[in-house]
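Reader: Before I rely on any label attached to this model, I would like to see how each one is justified. Could we go through them in turn?

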Amino acid sequence: MTVVLKLGGSVITEKGEPETVDIGALADAADAIAAASIGDLVLVHGGGSFGHHHAAAHGVSRTDGTRDAAAVREIHGAMRRLNDAVCDALVGRDVPAVPHHPHSAGYRDAAGDLTLPTDTVGATRDEGFVPVLHGDVVTHVDAGATILSGDELVVALARGLDADRVGVCSTVSGVLDDDGDVIERIDDYADVERYLGGSADTDVTGGMAAKVRALLDLDAPASVFGPDALGGFLRGEGPGTVIR
Ligand SMILES: Nc1ncnc2c1ncn2[C@@H]1O[C@H](COP(=O)(O)OP(=O)(O)OP(=O)(O)O)[C@@H](O)[C@H]1O
Ligand SMILES: C=C(C)CCOP(=O)(O)O
C-alpha cells in the first residue's frame with residue numbers, strides 16, 4: 001500500500017526566519033514516521049523559510065517566472081539544504097530516506113501544466129527506499145522557471161504511483177471555517193471558498209486555498225491535518241479534513 005505524505009514547510013521550519021529548521025518539529029515528525037515503519041512511503045516537503053523567502057526575493061511564483069540562472073540556483077539550493085536536513089533526520093532514525101530533486105526531473109508546459117515522470121520514484125520505492133521530494137523551481141516553457149509546490153507534487157505522485165492514502169501535514173489541524181472549527185469533509189471548492197486564504201507567512205504558492213484546489217484534483221481522498229495527528233494518520237486514521 002503506497003502512502004504519499006507531505007510535511008508542510010510551515011511545520012518543519014521557522015517560517016518567519018530565513019533558512020531556519022524547526023529542529024524540534026522535524027524531530028517529532030521523523031519520530032512519528034520511524035515509529036510507523038510504513039513499507040511503501042513517498043515523502044514530500046514544502047518550502048517553509050527555505051524556498052519561499054528566496055522565491056519572493058526574486059519575484060518568482062507558480063506563474064511569474066525568472067530567466068536568471070543565479071535565482072534558480074539560489075531557490076533550488078535552499079530547497080536542497082532543507083531536503084538534506086529532512087533526510088538526515090530520517091536516516092538518523094533508520095528510515096531509508098533518499099533525496100529526489102524535482103528540478104531535474106520535471107517541467108511545466110506553456111499552460112503551466114506539469115510533467116513529472118514518477119517511474120524513477122516508483123523504482124526507488126520498490127527497492128525499499130523512502131524517496132523524499134520537495135517543492136522546487138522548475139523550467140516553465142515560455143516563462144523561464146517557476147515554483148512547483150509540494151502540494152502539486154503530492155497530486156502528481158499520488159496519481160502516478162496509484163497511492164492508496166494521501167496526507168498533508170500542515171500547522172493547522174485541518175481546513176478551518178470562520179469559527180476556527182475543522183471542516184470534516186470537502187467535496188466542492190465552491191462550498192468552502194469563502195473560508196480559504198493564503199498563508200500567514202511568506203508563501204509564494206498560495207497557502208490553504210491552493211492546497212485545497214490541488215487536492216480536489218485527486219481521485220484518492222486526501223487528509224489535511226496538524227502535526228499532532230501525524231502519528232494517527234500513519235497508523236491508518238483519517239484525521240483533520242478529508243478532501244475528495
Ligand atoms: N480556512 C483555512 N484553514 C486553515 N488554514 C488556512 C485557511 N485559510 C488560510 N489558511 C492558512 O494556510 C496556512 C497553511 O498553508 P501553508 O501553505 O502555509 O502551509 P504548508 O503547506 O504547511 O507550508 P509550505 O507551503 O511552506 O509547505 C495556514 O497556516 C493558515 O495560515
Ligand atoms: C518555494 C518553493 C521553492 C517550494 C514551495 O513548495 P510549497 O511550500 O509546498 O508550496
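**Binding site and two ligands**

Author: In this predicted model, the feature "binding site", taken from an unreviewed UniProt entry, is placed at Lys6, Leu7, Gly8, Gly9, Ser10, Gly48, Gly207 and Lys211. These positions are spread over 206 residues of sequence, yet they cluster in space, with a largest C-alpha distance of 14.4 Å. From this set, Lys6, Gly8, Gly9, Ser10, Gly48, Gly207 and Lys211 belong to the lining of the largest pocket, while Leu7 lies in strand 1, residues 2-7.

Reader: What makes the approach of Lys6 to ligand 2 a polar contact?

Author: The pair consists of an oxygen atom of ligand 2 and an N or O atom in the side chain of Lys6, at 2.9 Å; a polar contact requires N or O atoms within 3.5 Å, so the pair qualifies. By the backbone, Gly47 has an N or O atom 2.8 Å from an oxygen atom of ligand 2, and Gly150 has one at 2.7 Å from an oxygen atom of that ligand. Taken alone, ligand 2 exposes 320 Å², and the protein buries 97% of that.

Reader: Which residues are the closest to ligand 2, and which helices supply its shell?

Author: Ligand 2 is surrounded by 14 residues, the closest being Lys6, Gly47, His52, Gly150 and Thr205. At least two shell residues come from each of helix 3 (48-57), helix 4 (69-91) and helix 6 (150-160), and by class the shell divides into three nonpolar, eight polar and three charged residues.

Reader: How do you know that Gly48 makes a polar contact with ligand 1?

Author: A backbone N or O atom of Gly48 lies 3.0 Å from an oxygen atom of ligand 1, and the cut-off is 3.5 Å, so this pair meets the criterion. Lys6 also places a polar side-chain atom 3.0 Å from an oxygen atom of ligand 1, whereas for Gly197 a polar backbone atom is 2.9 Å from a nitrogen atom of the ligand. On its own, ligand 1 has 640 Å² of accessible area, of which the protein covers 89%.

Reader: Where does ligand 1 sit, and what makes up the shell around it?

Author: Ligand 1 sits in the largest pocket, and ligand 2 sits in the largest pocket too. The shell around ligand 1 has seven nonpolar, 14 polar and four charged residues, and its largest share, three residues, comes from helix 8. Of the 25 residues around ligand 1, those that come nearest are Gly9, Ser10, Ser170, Tyr195 and Lys211.

Conventions
Residues are numbered from 1 along each chain as its sequence is written. Chains are lettered from A and ligands numbered from 1 in the order in which they are written. This is a predicted model: local features need pLDDT of at least 70, side-chain atom pairs count only at pLDDT 80 or more; totals for chains, interfaces and linings use all residues. Side-chain values use heavy atoms; hydrogens and water are left out. A residue is near a molecule or strand if one of its heavy atoms lies within 4 Å of it. A polar contact is a pair of N or O atoms within 3.5 Å; within protein, one must be able to donate a hydrogen and the other to accept it, and residues adjacent in sequence count only if both atoms are side-chain atoms. Accessible areas come from the Shrake-Rupley method with a 1.4 Å probe; for residues, only the protein chains shown count as cover. On a 1 Å grid over the protein atoms alone, a cavity is a set of points where a 1.4 Å probe fits but cannot get out, and a pocket is an open set with protein on both sides within 12 Å along at least five of seven lines; lining residues have an atom within 4 Å of a point. A molecule sits in a cavity or pocket if more than half of its atoms lie within 2 Å of its grid points. Helices (H or I, at least four residues) and strands (E, at least two) are DSSP runs, numbered from the N terminus. Ala, Val, Leu, Ile, Met, Phe, Trp, Tyr, Cys and Pro count as nonpolar, Asp, Glu, Lys and Arg as charged, and the others, Gly among them, as polar. UniProt positions are given in the numbering used here, feature names are shortened, and annotations may be inferred rather than shown by experiment.
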